Amino acid sequence: MSKLTKNQKAVADKVEAGKAYSLMEAAKLVKEITTTKFEASLDIDVRLGVDPRKANQMVRGVVSLPNGTGKVTRVLCLCTPDAEAAAKEAGADYVGLDEYIEKIKGGWTDVDVIITMPSCMGKVGPLGRVLGPRGLMPNPKSGTVTMDVAKAVKEIKQGKIDFKVDKAGIIHTSIGKVTMTPEQIYGNAKEFINTVIKLKPAAAKGTYIKSIFLSSTMSAGVKVDPKTVE
């Protein structure tokens, strides 16, 4: 068995294997065991008791994190000329339509979120092959296809994220940065988990929230006791 590194030993001393911590304890521990020299992302993994292969057990939604994401989100708004000024004022990094559609066809996807209008989907729809695999395709369910593009831009800039369960029944997403305070991490995590709980499908049977883990980029996961969240 290989010897533990200095950092691995420090983590092992702080995080008890198999123990489920309260959400606040986990928020504090993740900060303590993060040793990266860069600003690490704060991730959450929630394993659900659902079968995502069945349409009536798909869990997908949006949540506005009370303390933001801790990162700059680059937003492209594909809209009609009459909505461009409002989108720019709301904070969109890129605003337009035909010129950006051509750029995307050429392989440009240097953004984090794309927002568009229902009337523009005829032009945006064919970009699915490029945007879909990158998770950038606008979708009404995530609020990125809307008549009020300015409101959508503002919400995303303030910390609104969308999420969905994967094929393994796990929701994995980033809810902030480790440089946040434990209270901010706790607030974001609690809001996210409570949103997932509210989205429980009626067809889901048995235990819904099977496990919750908080971690940062390259850190070990800290198990959270779901009972400390509800």
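**Exercise 1. The sheet**

In which sense do strand β3 and β5 pair, and over how many bridges? Then work out how the sheet is ordered and which strands lie at its edges.

*Solution.* A word before we start: this is a predicted model.

Step 1. Find strand β3 at residues 75–78; its pairing with β5 is parallel and runs over 4 bridges. For one partner pair to look at, take L76, whose bridge partner in β5 is I114.

Step 2. Now widen the view. The open sheet has 3 strands, ordered β4-β3-β5, with parallel pairing. Its edge strands are β4, residues 94–96, and β5, residues 113–116, each of which pairs on one side only.

Step 3. Look at the twist. On average, and ignoring direction, neighbouring strands of this sheet are turned by 15° against each other.

Step 4. Add the helix. Helix α4, residues 98–105, packs on the sheet and touches β3, β4 and β5. Between the direction of α4 and that of β4 the angle is about 115°.

**Exercise 2. Two cysteines**

Decide how many disulfides the structure holds, and whether C77 is buried or exposed.

*Solution.* Step 1. The count of disulfides is 0.

Step 2. Check the distance. The cysteine sulfur nearest to that of C77 belongs to C79, 3.8 Å away. A disulfide needs the two sulfur atoms within 2.5 Å, so C77 is in no disulfide. Seen from the other side, C79 is in no disulfide either, with the sulfur of C77 as its nearest at 3.8 Å.

Step 3. Turn to accessibility. C77 counts as buried because its relative accessibility is 0%. C79 is buried too, since its relative accessible area is 0%.

**Exercise 3. The largest pocket**

Find which residues lie nearest the centre of the largest pocket and which elements each supply at least two residues of its lining.

*Solution.* Step 1. Start with the volume of the largest pocket, about 910 Å³.

Step 2. Its lining consists of 32 residues, and those nearest the centre are D112, G135, D162, F163 and T173.

Step 3. Sort the lining by element. At least two residues each come from β2 (60–64), β5, α7 (149–158), β6 (160–164) and β7 (170–177).

**Exercise 4. A residue in a loop**

Where is M218 found, and is this residue buried or exposed?

*Solution.* Step 1. M218 sits in the loop between β8 (209–216) and β9 (222–224).

Step 2. Its phi is near 70°, a positive value in a residue other than glycine.

Step 3. M218 counts as exposed because its relative accessibility is 75%, and the cut-off for exposed is over 50%.

Technical notes
Residues numbered from 1 in each chain as written. Predicted model: local features only at pLDDT ≥ 70, side-chain atom pairs only at ≥ 80, totals over all residues. Heavy atoms only, no water. Pairing = 2+ DSSP bridges. Axes fitted to C-alpha atoms, helices over the stretch in contact; angles between N-to-C directions. Contact = heavy atoms within 4.5 Å. Buried < 20%, exposed > 50% of the residue type's maximum accessible area, 1.4 Å probe, protein only. 1 Å grid on protein atoms, 1.4 Å probe; cavity = no way out; pocket = protein on both sides within 12 Å on 5 of 7 lines; lining within 4 Å. Points joined across faces, edges and corners; volume = space filled by probe spheres on them.
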